[in-house]
Amino acid sequence: MSTKEDIAIQRQALNRTFDDLWGCFDMAERVLNGEVLPDRLIPNAGSPDFSPLTELLIPEPLPPAGSEIDGCSMEQLKKLVSSCTKCGLCATRKNTVFGEGVMMPKVMVIGEGPGADEDATGRPFVGRAGQYLDKWLASIGLSRDRDAYIANIVKCRPPQNRDPAPDEMAACIAYIKRQILLVKPQSLLCIGRIAAHAMLDTTDGVGKLRGRFFKYDSIPLLVTYHPAGVLRNPEYRRPVWDDMQKLARFLNIPIPGRS
Ligand code: URA
């Protein structure tokens, strides 16, 4: 694929070729008319502007699909998300919820999608589930402000907090993938089925996926239950605690109560 500079150079060369050709024909006509002798040829005085023709013959390269996301900075990505209309969720959102936190954090938490509180504020995990998530992080000595980056698979709230549809997730997935590349976390924590399925491209349940490390793009990735699910199902508390301890061990964080 030619770059913009390649295209500009090609156009310049073609312009000069047309210019030279014009000069040759002009000069040939003048020689034939006996106006000048061939050994006293002078440069062509003025040829037409060939640039519309060369632009037509050498068009601008089309950007490859997804390239606007692939090459962009965090600020540019945030801007793209804020004006995104790639799926139907844009019609009902109040705010996009891009994600927030520190760069190169100990953990990047990936949730499902904004709920009502997140939609209202534009910030991830600020409702009840978010406050519970903060406690999970605190249980292994991590704080959202210092050690984490938090984002979701879909950046707009699905109405009535329904699961994001496959086409909505497909439309949004490039954003979180670019975010991970830019954030450069030490580890990824997928909370809930939707995040795990999207990041690991599987349909296995959380019960099967949790408790062991996977890798996403060489980054260790752990799956656990979603805080909203744990609030509804207290029997998930123990496995979540085990998963958080596993994360702490990986991050070399001393586990409370153990020497
Ligand atoms: N649940 C999620 O998955 N993400 C949020 O941001 C809030 C609740």
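Good morning. A search of the whole structure finds one cavity of 30 Å³ or more. I should say at once that this structure is a predicted model. My talk begins with that cavity, then turns to the largest pocket, and ends with the ligand.

The volume of the largest cavity is about 90 Å³. Its lining is made up of 14 residues, and those nearest the centre are Cys84, Cys87, Cys156, Cys172 and Tyr175. Which helix gives the largest share of this lining? That is helix H8, which spans residues 166-183 and supplies four residues. As for the character of the lining of the largest cavity, ten residues are nonpolar and four are charged, with no polar residues.

Let us now move to the largest pocket. For this pocket the volume comes to about 690 Å³. It is lined by 30 residues, and closest to its centre are Glu112, His226, Ala228, Gly229 and Arg232. Four helices each give two or more residues to this lining: H5 (116-121), H6 (128-139), H9 (193-200) and H11 (227-232). The largest share comes from H11, with four residues. By class, the lining of the largest pocket has twelve nonpolar, ten polar and eight charged residues.

Where does the ligand sit? The ligand is found in the largest pocket. Around the ligand are Gly111, Glu112, Gly113, Glu118, Pro124, Phe125, Asn152 and His226. This shell contains two nonpolar residues, four polar residues and two charged residues.

Please look next at the individual polar contacts with the ligand. Two of them involve the protein backbone. In Glu112, a backbone N or O atom is placed 2.8 Å from an oxygen atom of the ligand. In Gly113, a polar backbone atom lies 3.0 Å from a nitrogen atom of the ligand. A further contact uses a side chain: an N or O atom in the side chain of His226 is 2.9 Å from an oxygen atom of the ligand. How much of the ligand's accessible area does the protein cover? On its own the ligand has 240 Å² of accessible area, and the protein covers 92% of this.

To close, I would draw your attention to two residues on the screen. Glu112 and His226 both belong to the group closest to the centre of the largest pocket, and both are also among the residues around the ligand. Thank you for your attention.

Methods: Residues are numbered from 1 along each chain as its sequence is written. This is a predicted model: local features need pLDDT of at least 70, side-chain atom pairs count only at pLDDT 80 or more; totals for chains, interfaces and linings use all residues. Side-chain values use heavy atoms; hydrogens and water are left out. A residue is near a molecule or strand if one of its heavy atoms lies within 4 Å of it. A polar contact is a pair of N or O atoms within 3.5 Å; within protein, one must be able to donate a hydrogen and the other to accept it, and residues adjacent in sequence count only if both atoms are side-chain atoms. Accessible areas come from the Shrake-Rupley method with a 1.4 Å probe; for residues, only the protein chains shown count as cover. On a 1 Å grid over the protein atoms alone, a cavity is a set of points where a 1.4 Å probe fits but cannot get out, and a pocket is an open set with protein on both sides within 12 Å along at least five of seven lines; lining residues have an atom within 4 Å of a point. A molecule sits in a cavity or pocket if more than half of its atoms lie within 2 Å of its grid points. Ala, Val, Leu, Ile, Met, Phe, Trp, Tyr, Cys and Pro count as nonpolar, Asp, Glu, Lys and Arg as charged, and the others, Gly among them, as polar. Grid points are joined across faces, edges and corners, and a volume is the space filled by probe spheres set on the points.
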